[in-house]
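Visitor: Could you take me through a close look at how the strands pair here, and then show me what packs around them? I work with models every day, so please be specific.

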Amino acid sequence: MENHSNFIKTIMIQDLESKKHDEIITRFPPEPNGYLHIGHARAIVNNFELAASFGGRTNLRFDDTNPGKEDVEYVNSIKEDIAWLGYTPNQIYYASDYFQEMFDRAIILIKKGKAFVDDQTADEISKGRGSLTSKGIDSPFRDRSVEENLTLFMNMKNGLYKEGEKVLRAKIDMSSPNMNMRDPVIYRISFAHHHNTGDKWCIYPMYDYAHPLEDAIEGITHSLCSLEFEDHRPLYDWVVRETEMPLVPRQIEFGRLNIENTVMSKRYLKELVDSKLVDGWDDPRMPTLSGMRRRGYTPSAIRNFILGTGLSRMNSTVSTEMLESFVRDDLQAHSAKMMGVINPLKVTVLNYDKGLEAIEVPLDPNDASMGTKTIYFSKHLYIDHDDFIEEKPNKHWKRLAKGIEVRLFHAYFIKCEEVIKDDEGNIIELKVTYDEKTKSGTGFDERKPNGTIHFVEATTAVKAQFNLFGPLVFDGDAPLVERLNKDSWEKRMGYVEHAFKQLELKEGIQLMRVGFFKKDKHSTDEVIHLNRIVELKSSFKK
Ligand code: ATP
Ligand code: MG
Ligand code: MG
């Protein structure tokens, strides 16, 4: 990330120069309650890149303090996605491994008179905390003695109370202008099964209490989080100080990344998955890293996009086209060039009677190191319907028309002699002739074709389902379900060239003149499913 400067990097440089720290240690702390999305990539890339640029370290820490919503499926997907992005955590930790220490530190708070057990209901507590325009009022249980609080908290831990019957609250300041400081709840009772600690605990620390301790325990120097936690920073500092943690991390907030027409909240994404409105977390339309991987986005495109959008203090919204342009740039540089027709039109070559002709061609004419593939030519071909026009074309038409000759990529010139229609007048076939002398690579230059188009040989072609995607949702104020784009997944049946059967094609490919595509997991031996990653050219007008 050389040359990539931002305000957090500046702080880190200062902290190293002033000898406040001699090493930079960051962490990425996802809650394992869903799959990672492109917003998380901003936190991942910046945490890893910033630490690495100082020779520092980055931990992956699962912030698993909320047993009801968490699952190992999510833990595993998060590990996989981070590795796919190209990062290796220095250590992998679980916040739940610190439950004992968090509990012990809560005892310190109680003994100092800085925490108390409250018997009020959640509603009563919430009312008592007041609002931005009114002060809070002290809980009637606020002045319990240290001894009573210790006994009650032990009873909470030992499972003597029901969920919601009691909580532990920090005793800070009910008249603080910062709502987070109005005696926040720091422990609650839950009998949910925890994915890591099982049923060992029935009290769980709240995020604002747990997170600073997790950072301090791991010796995190710079704890980067998104902007909505700015108002939580005084509480963060309070917790570290009052629990007497020896190492003091510093919380720094950065702006969240938003993308137009893209929902980036695990809660909503989970709703889409659970209600089967999408094909799982890795649906190619989802903004999840697994969805983007399935669709064919590359890790380097995502890293470049994140670094290219910078890291500012403010939340920002970028266009989908911007993300797509990073993807396109990356694919342009590395992809095999293949042929496929989305809208097939049958072509019969009247004067070709040599059976099947194999032609060896480079996978990428600009990069010999990619190797070669075999394409076929015969009497029976498909071209794309859109490459033929019936009415007499003007001079801008650089494709096929009756009486006009075009070049087929890597093969011959063909000339349209006759147009066949069905009873309803739809064009169903073209009869053409080819000229043997025009074979690609022979240096033929007696006349110029009216453009070059792609084709596939019909008897060797593979059936293909082309998945063409649009935005899954549109921006707006209406509820999510009403903003869903019903036409976000268009399926078209066509053909791709035979080489699709022989090549592995784990990466995205370029279908010449059509777009960038990646083979989908639903492909079968009979039908290859291809996800359109991005179009060839941007429709984006600056
Ligand atoms: P969501 O709202 O999607 O559930 P979250 O913030 O609750 O996201 P966490 O698992 O807590 O999800 O996220 C881990 C880290 O990723 C946090 O530090 C969070 O700030 C960061 N993060 C999540 N979404 C974004 C985003 N859109 N832009 C930047 N950082 C993000
Ligand atoms: Mg969170
Ligand atoms: Mg969330």
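**Strand pairing and its surroundings**

Guide: Happy to! Let's begin with one pair of residues: Leu 345 has Ile 383, in strand 17, as its bridge partner. Keep in mind as you look that this is a predicted model. That pair belongs to a ladder in which strand 14 (residues 344-349) and strand 17 (residues 380-384) run antiparallel and are joined by five bridges. Strand 14 also pairs with strand 22 (residues 427-435), and here the two run parallel, with four bridges between them. To find that second pairing on screen, go to Val 347, whose bridge partner in strand 22 is Leu 430. Strand 14 thus offers you an antiparallel pairing with strand 17 and a parallel one with strand 22.

Now for a sheet you can trace from edge to edge. Seven strands make up an open sheet with mixed pairing, and their order is 12-27-28-29-25-26-13. The edges are held by strand 12 (336-338) and strand 13 (340-341); each has a single partner strand, so one side of each has no neighbour in the sheet. Within this sheet, strand 25 (residues 462-469) and strand 26 (residues 489-496) run antiparallel, linked by eight bridges. A handy landmark there is Leu 468, which is paired with Glu 490 of strand 26.

A helix meets this sheet as well. Helix 12 (residues 320-334) lies across strand 27 (509-511), strand 28 (515-519) and strand 29 (527-534), and its direction makes an angle of about 120 degrees with strand 29.

For the wider setting, the chain splits into domain 1 (7-257), domain 2 (258-334) and domain 3 (337-534). Between the C-alpha centres of domain 1 and domain 2 the distance is 27 Å. Their contact draws on 24 residues of domain 1 and 25 residues of domain 2. On the domain 1 side, at least two residues each come from helix 1 (7-17), helix 2 (38-53), helix 3 (72-85) and strand 9 (250-254). Helix 2 gives the largest share of that side, with six residues. By class, the domain 1 side holds 12 nonpolar, eight polar and four charged residues.

Two helix pairs round off the tour. Helix 4 (residues 99-111) packs on helix 6 (residues 146-157) at about 160 degrees, their axes being 9 Å apart. Angles over 145 degrees count as roughly antiparallel, so helix 4 is roughly antiparallel to helix 6. Their crossing is right-handed. From helix 4, Phe 103, Ala 106, Ile 110 and Lys 111 take part, meeting Val 146, Asn 149, Leu 150, Phe 153 and Lys 157 of helix 6. That contact counts six nonpolar, one polar and two charged residues.

The other pair is helix 7 (residues 207-218) with helix 8 (residues 233-242), packed at about 60 degrees with axes 9 Å apart. Helix 7 and helix 8 are therefore oblique to each other, and they cross in a right-handed way. Helix 7 brings Asp 208, Tyr 209, Pro 212, Leu 213 and Ala 216 to meet Leu 235, Tyr 236, Val 239 and Val 240 of helix 8. Here the tally is eight nonpolar residues, no polar ones and one charged.

Terms used. Residues are numbered from 1 along each chain as its sequence is written. Chains are lettered from A and ligands numbered from 1 in the order in which they are written. This is a predicted model: local features need pLDDT of at least 70, side-chain atom pairs count only at pLDDT 80 or more; totals for chains, interfaces and linings use all residues. Two strands pair if DSSP finds at least two bridges between them. Two residues are in contact if their C-beta atoms, placed from the backbone, lie within 7 Å. Axes are lines fitted to C-alpha atoms, for helices over the stretch in contact, and angles run from 0 to 180 degrees between N-to-C directions. Angles under 35 degrees count as roughly parallel, over 145 as roughly antiparallel, 65 to 115 as roughly perpendicular and the rest as oblique. A crossing is left-handed if the near helix is turned anticlockwise from the far one by less than a right angle, and right-handed if clockwise. Ala, Val, Leu, Ile, Met, Phe, Trp, Tyr, Cys and Pro count as nonpolar, Asp, Glu, Lys and Arg as charged, and the others, Gly among them, as polar. Domain bounds come from an automatic or database domain assignment.
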